[in-house]
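Hi,

Here is the structure I said I would pass on. Have a look at it first, and then read on for what turned up.

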Amino acid sequence: YYLKNKKRSNLPLPPGPPADPILGHLRFIPPEAPEDQFAKWSKIYGDVMHLRVLGRDMIILNTAEAAIDLMDKRSWNYSDRPRFPILDIMGWVPTLTFIGYGKRFQKHRRLLQQYFSKQKVVEYQPIQLREARRLALNLLDNPGKHEDMTRRFSTSIIIRIAYGHEIKSDDDPYIKIAEDSGYALTHCGPPGGTPIDLFPALQHFPSWFPGTYFAGKAREFNKYIRALHEYPFAEVRKEMAAGIAKPSFLSYHLERLHREENETPEEFDDVKGASAVIFCAGADTTWSNLSIFMLAMTLHPECQIRAQAEIDALLDGSRLPEVSDRESLPYIDCIVKETHRWLNAVPGGESFSLQRQLEVVANTRTGIPHRAVEDDVYKGMLIPKGALVFANTRGISINDAVYHDPHTYKPSRYLPKSQGGQEEPEPLAQFGFGRRICPGRHLADTSLWLAMVTILSLYQIRKVKGPDGKEITPEVALDSGLTRSVFNAS
Ligand code: HEM
């Protein structure tokens, strides 16, 4: 054992840029768009890079190959997450995104995977189709408010599926809950990076004691997180008792627990946490992607023309597109793929995205960190136990060894050469890797496709005109700070 350990500790860490003695690379990781810095470093240091921030090892995987080799093929070692004591104080019940690898993780994954499997999500298509049609009408009725309307589309689908609730107006209590819990998450310091996360005992010190500030904030926000878990739970139970509950993730599991005579507080916490994570992880991610789509279409009318020609050739204005048309509309599929690749929406979304909170852990925006459970050796390099391991989604998506002219939005790159394409590989980093891969990806894929094809079949997306009558070209930029939504996309 001693010899094995000694041998391992002699192995080099993956290469990385020079660092400060105590702060490590903290100073060199830009707070805005660190993923672009990582992409630059990857040209110097290669596929797997090591950074250290305040004594914490970080491994950045810059290619799909490295991410697949470690996170997929050695998933037993790379499916853990770092711990977030500050979130416990805030009152989060078990929430998949935050749960470390183990039995509870497996239970939550099972709950979500069963409900959002590729086969099962077909059942939700009528909800998605109805919301896509409603989006089309809302865009007509609310000119200039496409951001609000696409967000309403994403949130409505998620809330309907998680809780059976239909959002009809902006003052809906579920919208308030989402805003409050988002506020709590974004005003409680970076989870994993507060003094409380680093020294959990601090939470028991009096509030005047240095370093306890965020524990106080977390306690203050506890009411918001309680509402996130308790309000839908109480509402759905009330509706079930009255026999008016619509089918939903929560009602399905409450019925199951009742049938199995297993209505324990622990089981209730599990279903509360699992439905809250759908709410928190599913809406903004989808919305974020749609705002990137709107930006891409504004900047690339030629893509719109091609997409609309494809839709017209199939339907000739006879009806709106449906999911069954998908196979006959390959270029629209390419638009979905290219939107994922061109500007990654995740981690991100907006203020209440759990993903985005997690990425702050090590001051990066390159994906939600996994945690190495044990020391591992990859291509002769040591991946130390406890290291935060990031798949650099951005770096992988704009790798010019894989994608020609990677910064250009070009959906046709995936088409066969016979159709003028380049047969480039489908992007695969957007939903993560291994046992932590996004369980909502099949649902998200249909929501995105339906929203995009519906908008394209009915609207032309154009640049707005300024007071001088000239068109304004929107900036290709993701907004600063924590968010990954499109900046100035009007
Ligand atoms: C465009 C939409 C979406 C994108 C781009 C996206 C992307 C991601 C990514 C990158 C991860 C991290 C994977 C990793 O750690 O390797 C993730 C995790 C997760 N996503 Fe999504 N997601 C989307 C939509 C959804 C939806 C609709 C749901 C719910 C139905 C959902 C639920 C989750 C959950 C629960 C996790 C945590 C999984 C875990 O920690 O094991 N996501 N997602």
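Let's start with a small one: is E261 buried or exposed? With a relative accessible area of 72%, E261 is exposed. Its place is the loop that links α11 (249–259) to α12. Before I go further, please keep in mind that this is a predicted model.

The reason I picked E261 is its backbone: phi is near 50 degrees, a positive value in a residue other than glycine. As a reminder, most residues other than glycine have a negative phi. D316 shows a positive phi too, near 50 degrees, and is not a glycine either. You'll find D316 in the loop between α13 (301–315) and α14, and at 66% relative accessibility D316 counts as exposed.

Now the overall picture. The chain has 490 residues, and 55% of them are buried. Its secondary structure comes to 17 helices and 6 strands. If you take the contacts with a separation of 6 or more, 70% are between residues 24 or more positions apart.

On to the helix packing, where α12 (residues 265–299) comes up twice. Two packed helices are described by the angle between their axes and the distance between the axes. For α10 (residues 213–241) and α12, the axes come within 9 Å and cross at roughly 105 degrees, so α10 is roughly perpendicular to α12. On the α10 side the contact is made by L228, H229, E230, F233 and R237, and on the α12 side by F268, V271, K272, G273, A276, F279 and C280. By type, the residues of this contact are 7 nonpolar, 2 polar and 3 charged.

The other pair is α12 with α14 (residues 330–342). Here the axes come within 10 Å and cross at roughly 105 degrees, and α12 and α14 are therefore roughly perpendicular to each other. N289, I292, F293, L295, A296, M297 and L299 of α12 meet I335, T339, H340 and W342 of α14. This contact has 8 nonpolar residues, 3 polar ones and no charged ones.

A few individual residues help to fill in the surroundings of these helices:

- F268 sits in helix α12 and, at 12% relative accessibility, counts as buried. Beyond its neighbours within four places in sequence, F268 is in contact with F233, R237, L254, L257 and E263. From F268 to L254 the C-alpha distance is 7.9 Å, with their positions 14 residues apart in sequence.
- I158 belongs to helix α7 (residues 146–163). At 5% relative accessibility, I158 counts as buried. Leaving out residues up to four places away in sequence, I158 touches I278, F279, G282, A283 and L443. I158 and C280 are 122 residues apart in sequence, yet their C-alpha atoms are 9.1 Å apart.
- Y224 is in helix α10 and is partly exposed, with a relative accessible area of 23%. Its contacts, neighbours within four places in sequence aside, are D180, S181, Y183 and A184. The C-alpha atoms of Y224 and M90 are separated by 8.6 Å, although the two are 134 residues apart along the chain.

M90 brings us to the inside of the protein. The largest nonpolar core has 92 residues, and M90, W92, F116, Y163, F293, M297 and I335 touch the most other members. Which helix gives this core its largest share? That is α12, with 17 residues. Apart from this core lies another one of 18 residues, including V48, L61, A387 and A391. As for M90 itself, residues up to four places away in sequence not counted, the contacts are A184, L185, C188, A218, F221, N222 and I225.

Last, the metal. Which residue is the only protein donor of the iron atom of the ligand? It is C438, through SG, at 2.3 Å. C438 lies in the loop between α16 (393–397) and α17 (441–458).

If you only open one part of the model, I'd go for α12: this helix crosses both α10 and α14, and gives the largest core its largest share of residues.

Cheers

Terms used. Residues are numbered from 1 along each chain as its sequence is written. This is a predicted model: local features need pLDDT of at least 70, side-chain atom pairs count only at pLDDT 80 or more; totals for chains, interfaces and linings use all residues. Side-chain values use heavy atoms; hydrogens and water are left out. Axes are lines fitted to C-alpha atoms, for helices over the stretch in contact, and angles run from 0 to 180 degrees between N-to-C directions. Helices (H or I, at least four residues) and strands (E, at least two) are DSSP runs, numbered from the N terminus. Angles under 35 degrees count as roughly parallel, over 145 as roughly antiparallel, 65 to 115 as roughly perpendicular and the rest as oblique. Contact means heavy atoms within 4.5 Å. Ala, Val, Leu, Ile, Met, Phe, Trp, Tyr, Cys and Pro count as nonpolar, Asp, Glu, Lys and Arg as charged, and the others, Gly among them, as polar. A nonpolar core is a set of buried Ala, Val, Leu, Ile, Met, Phe, Trp, Tyr and Cys residues joined through side-chain atoms within 4.5 Å. Buried means under 20% relative accessible area, exposed over 50%, partly exposed in between (1.4 Å probe, protein chains only). Donors are N, O and S atoms within 2.8 Å of the metal (3.2 Å for Na, K and Ca); water is not among the atoms, so sites may look incomplete.
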